[in-house]
Structure formats: C-alpha cells, structure tokens
Amino acid sequence: MDGVGSFGAGRAGSTIDPITFAKQPQTILRVLSWIFSLVVFASIVNEGYVNMGSERLHCVFNKNADACNYGVFVGLVGLLACSFFFLLDYKFSSISSVKDRKKAVMLEIGFSGFWTFLYFVSFCFLANQWSRTTADELPLNQGADAARAAIAFSFFSIITWAGLTVRAVQKYLIGTDMTLFTTEHMDGGAPTQPYPSNSPGGTTETTETYQSPPFTENNTAPTYQVPIY
C-alpha cells in the first residue's frame with residue numbers, strides 16, 4: 001500500500017519511483033482494466049454492426065441496438081476512467097492534504113464498485129443477446145469474433161474492477177487509523193509539539209528570594225575618642 005497512516009500521509013511529498021510504481025498490484029490491475037475496456041469498445045465499434053442486405057446496419061447481438069450501445073458506453077467510459085485514475089495514482093503521494101486524499105480514495109471506491117456492477121450487467125446482457133442470435137442473422141458469420149471478444153473481456157473486466165475496488169477499500173481502512181495524527185495534521189499542516197519541561201510534573205515557575213551574603217561590611221562610622229592629656 002502507499003505509505004502508512006492517514007491514506008498514505010507518511011509518504012506525502014516523497015519521490016516517485018516509476019519502476020516501483022509500475023510493479024504495484026493496483027497499477028497492474030489498472031493497466032489490465034484499460035486494455036480490457038479498449039477491447040470491449042473497439043470490438044463493438046469496428047465489427048459489432050453488420051449489413052443484412054440493406055444499407056441499414058444491425059447490431060450483431062440479436063439486432064438489439066441497445067446491447068451494442070451499452071457495450072460501447074461501458075467500454076469507452078471505463079477506458080477514460082482508467083486513464084484518469086492512473087494519473088491520480090501516480091500523483092497520489094504528492095497530495096499533502098489528508099482530506100483531499102480521503103476524497104480521492106472514496107471517489108475510487110465508489111466508481112470502481114459501480115463499474116464492476118456495470119460490467120457484470122454488460123456480460124449478462126451481451127451473453128443473453130448473443131445466445132438468442134441465430135446463424136441466419138449473421139451471414140458468413142460476420143461479427144462473431146467481435147461479439148465473443150466483447151463478452152469475454154466484459155467478464156475479465158469484472159475481475160479487474162473488483163480487484164481495484166478491494167485495493168481502494170484496503171487503502172481507505174488503513175487511512176481511518178488516525179491515532180498518529182493531530183487536528184493540525186488533518187488540516188494539512190504539520191503537528192505542533194510543546195516544548196518539553198525539565199521537571200517531571202511540568203513547567204513550573206520558581207521565584208528566587210534575595211539572600212544577603214554571609215559576610216557583610218559594617219557601614220557604621222567608628223567612634224572617635226579624644227585623648228586625655
């Protein structure tokens with residue numbers, strides 16, 4: 001995980017190592033999700049529509065345009081979201097404010113969990129429509145490979161987005177341990193520490209009492225005695 005304590009605040013402002021960042025499980029899942037979303041989007045856009053002997057194009061999924069539109073939407077938005085969160089992951093350690101870190105983690109949890117559900121719907125929807133598609137509706141088996149690719153990578157996307165959701169939840173749970181941080185640190189400032197006291201019971205003020213020195217001079221003038229002749 002990124003650092004310890006409050007959403008990785010222990011590493012705030014630290015130098016980012018590209019190699020270490022690339023080897024993180026979250027980065028690997030993010031790249032895989034980006035690739036899978038690209039495949040789903042590109043498969044439907046390029047070969048998801050066939051010409052059935054007329055100028056009008058029909059969706060390969062049982063001629064249901066909603067199935068193709070839904071697959072394109074989920075794939076395209078997932079592709080853009082992966083790019084955004086990839087940049088956010090790279091810049092995450094440079095965010096000094098703990099409140100901003102918390103907002104970023106909560107945004108990731110909400111979106112990743114929601115997109116996991118949408119890809120689950122996409123897999124079920126596309127698989128159901130494909131099972132209802134007859135061979136007569138696809139002359140020369142047009143678009144069959146694209147349809148299977150969209151279904152398969154929708155299923156793979158469920159796994160990767162679910163993994164990203166779990167990683168974000170783990171980061172959030174680590175961030176809720178605020179025992180090492182003060183109110184000033186929560187606001188983005190450095191915690192202040194009072195000066196230590198020399199005495200065990202705290203800082204006490206002592207008043208010195210003036211004492212006369214042990215040896216004092218006698219300022220009384222000596223008595224002069226007149227000699228008697």
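Helix α2, which spans residues 25-47 and so has 23 residues, reaches 33 Å from its first C-alpha to its last, close to the 33 Å expected at 1.5 Å a residue, where the expected span is 1.5 Å times one less than the number of residues. The model is predicted, with local features needing pLDDT of at least 70 and side-chain atom pairs counting only at pLDDT 80 or more, while totals for chains, interfaces and linings use all residues. Residues are numbered from 1 along each chain as its sequence is written, and side-chain values use heavy atoms, with hydrogens and water left out.

Several residues of α2 are buried (under 20% relative accessible area, 1.4 Å probe, protein chains only), among them Arg 30, Phe 36, Val 40 and Ile 44. The cover over the buried residues of α2 includes α1 (18-23), β1 (49-51), α3, α4 and α5 (144-175).

Two of these covering elements also pack on each other: the axes of α3 (residues 65-91) and α4 (residues 98-131) come within 10 Å and cross at roughly 155°, the axes being lines fitted to C-alpha atoms over the stretch in contact and the angles running from 0 to 180 degrees between N-to-C directions. That crossing makes α3 roughly antiparallel to α4, a term for angles over 145 degrees. The residues of their contact divide into 18 nonpolar, four polar and three charged.

Within helix α3 lies Val 74, which is buried with a relative accessible area of 0%. Leaving aside residues up to four places away in sequence, Val 74 touches Trp 115 and Tyr 119, contact meaning heavy atoms within 4.5 Å. The C-alpha atoms of Val 74 and Val 121, 47 residues apart along the chain, are separated by 9.9 Å.

Definitions and conventions:
Helix = DSSP H or I, 4+ residues; strand = E, 2+ residues; numbered from the N terminus. Parallel < 35°, antiparallel > 145°, perpendicular 65-115°, else oblique. Nonpolar A, V, L, I, M, F, W, Y, C, P; charged D, E, K, R; others polar. Buried < 20%, exposed > 50% of the residue type's maximum accessible area, 1.4 Å probe, protein only.
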